[in-house]
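Please open the structure in your viewer and keep the sequence beside it. The tour below goes from one selection to the next and says what is there at each stop.

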Amino acid sequence: MSVVSVYVVFANAEEAERIGRSLVEERLAACVNILAPVRSIYRWKGAVETADEVAAILKTTDDNVDALIKRTSALHSYDVPCITTWPIEKVLGSYAAWVEDSVL
């Protein structure tokens with residue numbers, strides 16, 4: 001089993017915390033790091049938009065990542081939320097063991 005980082009952008013800090021807490025309580029994520037607000041510039045429905053959002057990095061395992069993505073999408077306020085995975089090439093063994101233990 002390996003550790004996976006999942007990057008998610010939320011509408012605001014309240015949504016990030018609410019969904020992050022749910023994912024940890026449901027044992028889909030071992031940890032959620034809610035980052036400082038980000039300023040996003042993106043194209044939506046043919047127009048260039050700007051928004052203040054909140055990014056987060058969620059840690060899980062490759063066995064749980066699909067369920068985490070599905071649950072995050074279901075709880076998210078956006079029609080098309082940014083939910084992506086980042087590969088982890090190396091990880092401290094004790095940290096990987098903690099992640100695996102936290103999501104089982």
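## Aromatic pairs

In this predicted model, the structure holds two aromatic pairs. For the first stop, select Tyr7 and Trp86, whose ring centres are 5.0 Å apart and whose planes meet at 15°. Because planes under 30 degrees apart count as stacked, this pair is a stacked one. Colour the strands next, and you will find Tyr7 in strand E1 and Trp86 in strand E4, so the pair ties together parts that are 79 residues apart in sequence. If you show the surface here, Trp86 is partly exposed, with a relative accessible area of 41%.

For the other pair, move to Tyr95 and Trp98, where the ring centres lie 5.6 Å apart and the planes stand at 40°, so the pair is tilted. Both Tyr95 and Trp98 belong to helix H3, which spans residues 93-103, and they sit three residues apart, about one turn of the helix. With the surface still shown, Tyr95 is partly exposed at a relative accessible area of 30%, and Trp98 also counts as partly exposed, at 38% relative accessibility.

## Helix H2

Now select helix H2, residues 65-75, and show its side chains: Val65, Leu68 and Thr72 are buried. Looking down the axis of H2, you can see that its buried residues fall within an arc of 55°, so they line one face of the helix. Turn the view to the face of H2 that points away from its buried side, and you meet the exposed residues Asp66, Lys70 and Ala74.

What covers the buried residues of H2? To see the answer, add strand E1 (3-10), helix H1 (13-25), strand E3 (47-61) and strand E4 (83-86) to the selection, since the cover includes these elements. Two of the names are already familiar from the stacked pair, as Tyr7 lies in E1 and Trp86 in E4.

## Two loop residues

For the last stops, leave the helices and go to Arg27, which is found in the loop between H1 and strand E2 (31-44). Its backbone deserves a look, for Arg27 has a positive phi of about 65° although it is not a glycine. On the surface, Arg27 counts as partly exposed, at 38% relative accessibility.

Then follow the chain to Lys45, in the loop between E2 and E3. Lys45, which is not a glycine, has a positive phi of about 50°. Is Lys45 buried or exposed? With a relative accessible area of 72%, Lys45 is exposed.

Note on methods: Residues are numbered from 1 along each chain as its sequence is written. This is a predicted model: local features need pLDDT of at least 70, side-chain atom pairs count only at pLDDT 80 or more; totals for chains, interfaces and linings use all residues. Side-chain values use heavy atoms; hydrogens and water are left out. Buried means under 20% relative accessible area, exposed over 50%, partly exposed in between (1.4 Å probe, protein chains only). Helices (H or I, at least four residues) and strands (E, at least two) are DSSP runs, numbered from the N terminus. The arc is that of the directions from the helix axis to the C-beta atoms. Contact means heavy atoms within 4.5 Å. Rings of Phe, Tyr and Trp (its six-membered ring) pair if their centres lie within 6.5 Å; planes under 30 degrees apart count as stacked, over 60 as edge-to-face and the rest as tilted.
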